[in-house]
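Student: I have a model open and would like to check how its descriptive labels are earned. Could we go through them together?

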Amino acid sequence: MHHPTPESTLQHTFGYEAFRGNQREIIDNLLEGGDALVLMPTGGGKSLCYQIPGILRPGTAVVVSPLIALMQDQVESLRQNGVKAGYLNSSLSQQEALQMERAMVQGDMDLIYVAPERLMTPRFQELLSRTPLSLFAIDEAHCVSQWGHDFRPEYMQLAILAEQFPQIPRIALTATADPIVREEMAERLHLTQAKRFVSSFDRPNIRYRIVVKNAPKKQLLDFIEQEHHGDAGIVYCLSRKKVESTAAWLADRGYTALPYHAGLPQQVRAENQRRFINEEQVIIVATIAFGMGIDKPDVRFVAHLDLPKNLESYYQETGRAGRDGLPADAWMAYSLGDAVFLRQMLDSSDGNEQFKRIQHQKLNAMLGFCEITGCRRQALLAYFGETLEKPCDNCDTCLSPVDTWEGTTAAQKALSCVYRTGQRFGSGHLIHVLLGKMTDKVEGCGHENVSTFGIGKELSESEWRSVYRQLVAAALLSVEPQTGGFRLNEKSMTVLKGQEKIHFRKDPSPARKGKKSQARGRASRLMEEVCVAPGARILWDKLKSYRKETAKEAGVPPYLVFNDATLADIIDKMPLDDIELLAVSGIGQQKLSSYGDEILAIIDEHLKDIV
Ligand code: ADP
Ligand code: ZN
């Protein structure tokens, strides 16, 4: 056998053809003994950056990881590829832990995953001093930042590694796109001198889409039925109650939809998370408490029924879709109510003025993102300081361009109506006044006598709602924190005075009700794109049920046997022997010998069936 190289390890151990992005440079840097700071999006392929040096450098690589679930997943995946990997955490018995420690000290392991709190114990430090070390990898390194959302105090002590083991290369990795968090990370981990590797944060396989919310549950159901029937996905809602009712609604319609929020008993949460990971076709309906530590690669969609507070959260939450690189959707339903609610929340929250100002800017960016008429991906990346040269062709505004309309007069009428009625009311009542509707409230307030009564009959109720939504989103109208009523601000005045021309986004007309959606039937976008050849769908299902049984026997999630990208590549390449199987993405020596014969048998049988 020749001396193993990064390339040969990538091919033989991991079953991949070529390195992606800057993986190779990062690996070389570590092999030469340098430190590294790696900023790469979710699904970009961070793990290989330290796993391959961990395998190639003499000694044991110590990988710091914040969650037991993440460690188990990574270790199991490495073992499936025949790599000597293990973890040390509270899930092991004392006996098992001792065994693992012994193997580590003897240099029998390529990679050991540990929790940060364990790493810092005097006992573990002593073990480390006797272990032949190849490198330290700090995964999810943004956990060290107090500014970020996943702060873990134990991460703060990791800086000590630099002093105690100055000769051992260190690599810290994160998918955070937030520049402040990144800087804090480098400083706290004493990695300001480390070489930085920054990848594009674009997730080209994720299709971004935002629809105007009118019947959210029904819209969600249509979306799932028409594009993700049979797929795994995550649905985010803001409140526990909505989580419960949405999960129940989907379950009533035949989907395996499980709730997840902080109010559920610990066992229920753990069980629902376990099922999401270990089964296929499970939809988790969750508050944002769900997601950290979920490495499931085949999440085909992330749906938001409520708006995230800022684009950082939006990017992070939607980023949980499509880690495997196959087509995935980020879908969101958004309404005037969301815009009002978020503005109201922010204004009534505690916190100093500067904090609030920053939060307002972030919310403005989030709402602006919902209302843009240009490419969403360009806007999202621009927010994080990255330039995408061309529109992406994989977001809603690229796929079906939105129209705009000149709405200066409409905006003036809408604002003027706020003023004439005393700056106390929300959109519902204001729209009645504009349309000249005699409701009890209109009569009670005597608003049939204000000058804006009935001056807006040229637009429909939903068009006025759209106008108010866009005025609030653009902060041309303020929301009273206590009541949620509208009031004018300085920017409203410039509109009223005609100093600013207003262009509104024309909301696409809602899909026609009735038979149409049914006629299209239940479908999965992935299947449509992957299984084009005749009979491919049948083969896909056969391979999937083989994967399911094998995974069950081995007690691991199906995606650790093969992920969907590997299945798709098998269908594309139709391998007929071992050599051809090895060319499939994700099949290396170990998986060939574990599963190769059976896969070839399935293909053979399938070919006989279809001819
Ligand atoms: P991250 O940790 O950055 O989110 P992972 O390391 O989990 O991403 O990688 C995402 C997926 O891409 C995994 O299924 C991984 O095996 C696969 N992958 C990584 N590098 C390559 C490569 N060079 N070629 C093909 N697939 C790769
Ligand atoms: Zn686009």
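**Labels and their cut-offs**

Tutor: Happily! An oxygen atom of ligand 1 is 2.5 Å from an N or O atom in the side chain of Tyr 16. This is a predicted model, where local features need pLDDT of at least 70, side-chain atom pairs count only at pLDDT 80 or more, and totals for chains, interfaces and linings use all residues. Residues are numbered from 1 along each chain as written, chains are lettered from A and ligands numbered from 1 in the order written, and side-chain values use heavy atoms, without hydrogens and water.

Student: What makes the pair formed by ligand 1 and the side chain of Tyr 16 a polar contact?

Tutor: A polar contact is a pair of N or O atoms within 3.5 Å; within protein, one must be able to donate a hydrogen and the other to accept it, and residues adjacent in sequence count only if both atoms are side-chain atoms. The Tyr 16 pair, at 2.5 Å, therefore qualifies. An oxygen atom of ligand 1 also lies 2.6 Å from a polar backbone atom of Gly 43, and one is 2.8 Å from a side-chain N or O atom of Arg 323. The protein covers 83% of the 570 Å² of accessible area that ligand 1 has on its own (Shrake-Rupley method, 1.4 Å probe).

Student: Why is the arrangement around the zinc ion (ligand 2) called tetrahedral?

Tutor: Its donors (N, O and S atoms within 2.8 Å of the metal, or 3.2 Å for Na, K and Ca) are the SG atoms of Cys 375, Cys 392, Cys 395 and Cys 398, at 2.3 to 2.4 Å. Four donors count as tetrahedral if all angles lie between 85 and 135 degrees; here the angles are 102 to 119°, so the label holds.

Student: How do you know whether Cys 392 is buried or exposed?

Tutor: Buried means under 20% relative accessible area, exposed over 50%, partly exposed in between (1.4 Å probe, protein chains only). Cys 392 has 19%, so Cys 392 counts as buried. Cys 398 is buried at 16%, and Cys 375 is buried at 8%.

Definitions and conventions:
Tetrahedral: all angles 85-135°; square planar, octahedral: opposite > 155°, others 65-115°.
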